[in-house]
Each structure stands twice: as C-alpha cells, then as structure tokens.
Amino acid sequence: MFIQTEPTPNPASLKFIPGRTVISGGTVDYRSAEEAGASPLALRLFDVAGVAGVFLGADFVTVTKTDDRDWAVLKPMILGAIMEHYTSGDVAVSAADEEESFDPADAEIVAQIKEIIEARVRPVVARDGGDIVFKGFRDGVVYLNMRGSCSGCPSSTMTLKHGIENMMRHFIPEVQAVEAVQ
C-alpha cells in the first residue's frame, strides 16, 4: 500500500492520501481520543504520541500534531497506523452525528447556502486537507464548522471572512455574516 502525503496551509497539519475510500458521505473531525470512540482509524492515530487531531474525508486523512513534535518523527508512525488500519479490515467510522440549527422558514435560504458550500467551498478546502460544514443559520448569520487542516489554520479567518462571507453575501442577500463554530 502506498500512501501519499501533502502539506496543508496549516503547518501543524499534514494530509495523508491512502488511495482508497476513507469514509463515504460527509467528514468527521476529532480533537481528542475521547471524541474518536466511534472511529477505529482515529483511535489508532491518537495512539501515536503527538497527534492532536484527526480529520477523515472521503479519500484522505488529515492529522494535526502538537507543537512539541516534529513531522520527521511522526510521519512514519502515522503512515504505519494508517496501513495497520487498512490491513485490519476495520471500518474507519462506525457512526457520525451532524446537528444543524435553523428556522424551518429559512429552509430555502439554507438550501442555497449548502449549495454554495458544496459546489464552491468544499472542493477548494478539501485540496488543503480540510472541510467546512454548515451548522446553522440564524438572524442573517451563517454558522460553519471548520475541520481538518482548516481548524486552527492561520489563514482560516481570512478564508472565512474575506472569501466565504463575501461569496455568500454576493449570492444570497439574506446572509449578513459568516461565523466559525465548534
């Protein structure tokens, strides 16, 4: 098995591409081993000392390290954990939950917001090892969850405010602002 790696804009995160499906449908983001209970793959990765976060996408895994660890030391251990996972035959995630919050009267606006995220935003951030997920819409504010390398990335605020917010306001007049949430 050959696993490619790619840098991300976040120096603390590295994207691993196993050349196989990681999860089908959606993404999941774990910031601790406790959160990763539903993911045998993420639990294996959190067993590597220095792993601070695990993001699972359709065909990639983004790992975020602690500041005190070096990629030269961590990378071989992470590659080994991913290979071990695929040879074990375990599923990557056994269950995932996504909650959204919006007024049912805003369903048409929410559908437009989700369409923009899916068509214009997610493909771009996925190339950098991350994802942005719709979490809610209230009083003109879109709430998004930044995952993977996007979470904690130095340029994520600029991406959110200058890129996504401007695009949303341009295409959907009801959108006044975009905010990041956990």
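**Strand β2 and its surroundings in the sheet**

Strand β2 is mostly covered in this predicted model, with 5 of its 5 residues buried. The side chains of the strand are divided between two directions: S13, K15 and I17 point one way, whereas L14 and F16 point the other way. Burial applies to all of these residues, whichever way they point from β2.

The position of β2 is described by the arrangement of the strands. The sheet is open and consists of 5 strands in the order β1-β2-β5-β4-β3, with antiparallel pairing. Its edges are occupied by β1 (residues 4–7) and β3 (residues 28–30); each has a single partner strand, so one side of each is left without a neighbour in the sheet. From one strand to the next, the twist averages 20°.

On one side, β2 (residues 13–17) pairs with β1 in the antiparallel sense over 4 bridges. These two strands form a hairpin, and 5 residues lie between them. Within this pairing, L14 of β2 stands opposite P7; L14 is also one of the two residues, with F16, that point the same way from β2.

The pairing of β2 with β5 is likewise antiparallel and comprises 4 bridges. Here F16 has V61 of β5 as its bridge partner. F16 is itself buried.

Beyond this pair, β5 (residues 61–65) is joined to β4 (residues 51–56) by 5 bridges, and the two strands run antiparallel. V51 and K65 stand opposite each other in this part of the sheet, K65 belonging to β5. In the strand order, β5 thus stands between β2 and β4, and β4 is followed by the edge strand β3.

Helix α2, which spans residues 71–88, lies across four of the strands, namely β1, β2, β4 and β5. Relative to β2, the helix runs at about 35°.

The loop between α1 (residues 40–46) and β4 contains D47. In contrast to the buried residues of β2, D47 is exposed, with a relative accessible area of 70%; this value places D47 in the exposed class because that class begins over 50%. The C-alpha atom of D47 is separated by 9.8 Å from that of M77, although the two residues are 30 residues apart along the chain.

How values were computed. Residues are numbered from 1 along each chain as its sequence is written. This is a predicted model: local features need pLDDT of at least 70, side-chain atom pairs count only at pLDDT 80 or more; totals for chains, interfaces and linings use all residues. Side-chain values use heavy atoms; hydrogens and water are left out. Two strands pair if DSSP finds at least two bridges between them. Axes are lines fitted to C-alpha atoms, for helices over the stretch in contact, and angles run from 0 to 180 degrees between N-to-C directions. Contact means heavy atoms within 4.5 Å. Buried means under 20% relative accessible area, exposed over 50%, partly exposed in between (1.4 Å probe, protein chains only).
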